[in-house]
Amino acid sequence: MSIIRRDPRAEWIARNRLHPLHAAMSTQGQISWMGPNGVLRKNPHLAAAGFIGPAGLKRIDRSGAQQGTSGKRAQVETQVQLPLHVVEQPAFHIVVVPDLVGGRLSSHDKDLLGLARKLAGDAGAVVAVVFGSDKENQYDVAGVDRLLRIHGEAFDGYSPEARVLALAAVEQEFKPRHWLLPDSRTGGGELGRRLGAKLGERPATRVWQVSDTHSTGRAGGGQQDLQRPLARLILAAAECAEPVSETRHEAREISLKSALAHSLPRIEDLGPVAVDPAQIPMAEAEFILSGGNGVRDWNLFHQAAQVLGATEGASRVAVDDGHMPRNRQVGATGTWVTARVYLAVGISGAIQHLQGIGACDKVVAVNLDVGCDMIKRADLSVIGDSAEILTALMAKVSAWRQEGKRDAA
Ligand SMILES: Cc1cc2nc3c(=O)[nH]c(=O)nc-3n(C[C@H](O)[C@H](O)[C@H](O)COP(=O)(O)OP(=O)(O)OC[C@H]3O[C@@H](n4cnc5c(N)ncnc54)[C@H](O)[C@@H]3O)c2cc1C
């Protein structure tokens, strides 16, 4: 029998997540390995052969197809495709006009598409109307059967009059069973009300629940619920429905048959105005740099927020320790934020903090602890010291700005 030799140093490194050689020595990722007593050890998480499905949910493969090397697992993962839902001859249309802030579907837009799918059932088609240029390439998994792109200079920037005229043309051609717009401050709320006036129909506003016959929306300054028969024009709140996650759709490009009418706009868009990120209320900030107990140099943190053009936020510990004012606290007992990007520096990700960032689109975490909950929540993680990462980030942003200026000159 061969003698089993133990390497206490390697075992110690494998236990120490902060050691630079941890990944190399770790048994993480291995399905099975020989233990110190010669007994074959299995990682129950991997051996159970679960994998993360395309919708981000953990799936268990009972066929055993994934057992074996991680390479094999990756191969199986790439083969997983959501079932394609095709509506060849739609019996009716549900038209959605997403906000597409920054050219991409926001979580609010995705909720709206989820609601549209619910209303469309199997027979109807969900049509998404997109104005101007966009950067989105996930319309198919968001539930869009038909994609109607309306281009033209008239639709660039703030152009509600031109957009309502175009939507009136969509009304003529499709006679949608329902119109769905996000009841948001980023365009949908205003456009939906203007469309209501144009169509001569009263929209159901701030809708958060829809049944076959009724919709429920917030009213009375957000203090009451108002239930009314299901309107054709629905302006829905965020979380009005679950986003689509189980099916894939065609997102087939279509165009309007008739030419669009143009009118002389009474509103002129003079372009965006620079605002001081520090003055933006936390709940409305699009980009938040948030600091926690892992921030050691607060002057550097403030400087980084300025260079990045971010609104400052903080964990409760940072506030309790006097580094940040109370109105900057993010979380269950602070402000619930809805930023497009939330950059959390030295924040562990306690449940009370995570509650406050539930509606953020993209979370980036900077932390020393690979296993902390903020890293599990994050879409992108940087493992390292907060001061080092912030300094490097500022240098990169400054260099990028200089390059931009040089190119423009
Ligand atoms: C009733 C109640 C309500 C609460 N409400 C809130 C709330 O609204 N908001 C809130 O935030 N908390 C709230 N809390 C507190 C919450 O439970 C946590 O204690 C708090 O969020 C922790 O803050 P933190 O992540 O900054 O600190 P810690 O938990 O101490 O985490 C610090 C993090 O920094 C990392 N770190 C350390 N040094 C460095 C470095 N040099 N570089 C990079 N990373 C580093 C560590 O790995 C760690 O992950 C509440 C608690 C209770 C009981």
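Two strands count as paired here if DSSP finds at least two bridges between them, and in this predicted model a good place to begin is with strand E6 (residues 93-96) and strand E7 (residues 125-131), which run parallel and are joined by four bridges. Within this pair, select valine 96 and look across to E7, where alanine 128 stands opposite.

Next, select helix H5 (residues 107-120), which packs on the sheet and touches E6, E7, strand E9 (178-182), strand E10 (204-210) and strand E13 (233-236), its direction making about 165° with that of E9.

Stay on helix H5 and pick out histidine 108, which is found in it. Histidine 108 counts as buried because its relative accessibility is 13%, under the 20% cut-off. Show its surroundings, leaving aside residues up to four places away in sequence, and histidine 108 is seen to touch Pro182, Asp183, Ser184, Ala236, Ala237 and Ala238; a polar atom of the histidine 108 side chain lies 3.2 Å from the backbone nitrogen of alanine 238.

Now widen the view to the whole sheet, an open one of nine strands with mixed pairing, in the order E12-E11-E10-E13-E9-E6-E7-E8-E15. Its edges are strand E12 (224-229) and strand E15 (252-254), each of which pairs on one side only, and neighbouring strands are turned by 35° against each other on average, direction ignored.

Finally, colour the chain by pLDDT, for which the mean is 86, with 83% of residues reaching 70 or more. Select residues 63-79, over which pLDDT stays under 50 and for which the model has 18 contacts beyond four places in sequence. Where pLDDT is low, the predicted coordinates should not be read in detail.

Conventions. Residues are numbered from 1 along each chain as its sequence is written. This is a predicted model: local features need pLDDT of at least 70, side-chain atom pairs count only at pLDDT 80 or more; totals for chains, interfaces and linings use all residues. Side-chain values use heavy atoms; hydrogens and water are left out. Helices (H or I, at least four residues) and strands (E, at least two) are DSSP runs, numbered from the N terminus. Axes are lines fitted to C-alpha atoms, for helices over the stretch in contact, and angles run from 0 to 180 degrees between N-to-C directions. Contact means heavy atoms within 4.5 Å. pLDDT is the predictor's confidence in each residue, from 0 to 100. Buried means under 20% relative accessible area, exposed over 50%, partly exposed in between (1.4 Å probe, protein chains only). A polar contact is a pair of N or O atoms within 3.5 Å; within protein, one must be able to donate a hydrogen and the other to accept it, and residues adjacent in sequence count only if both atoms are side-chain atoms.
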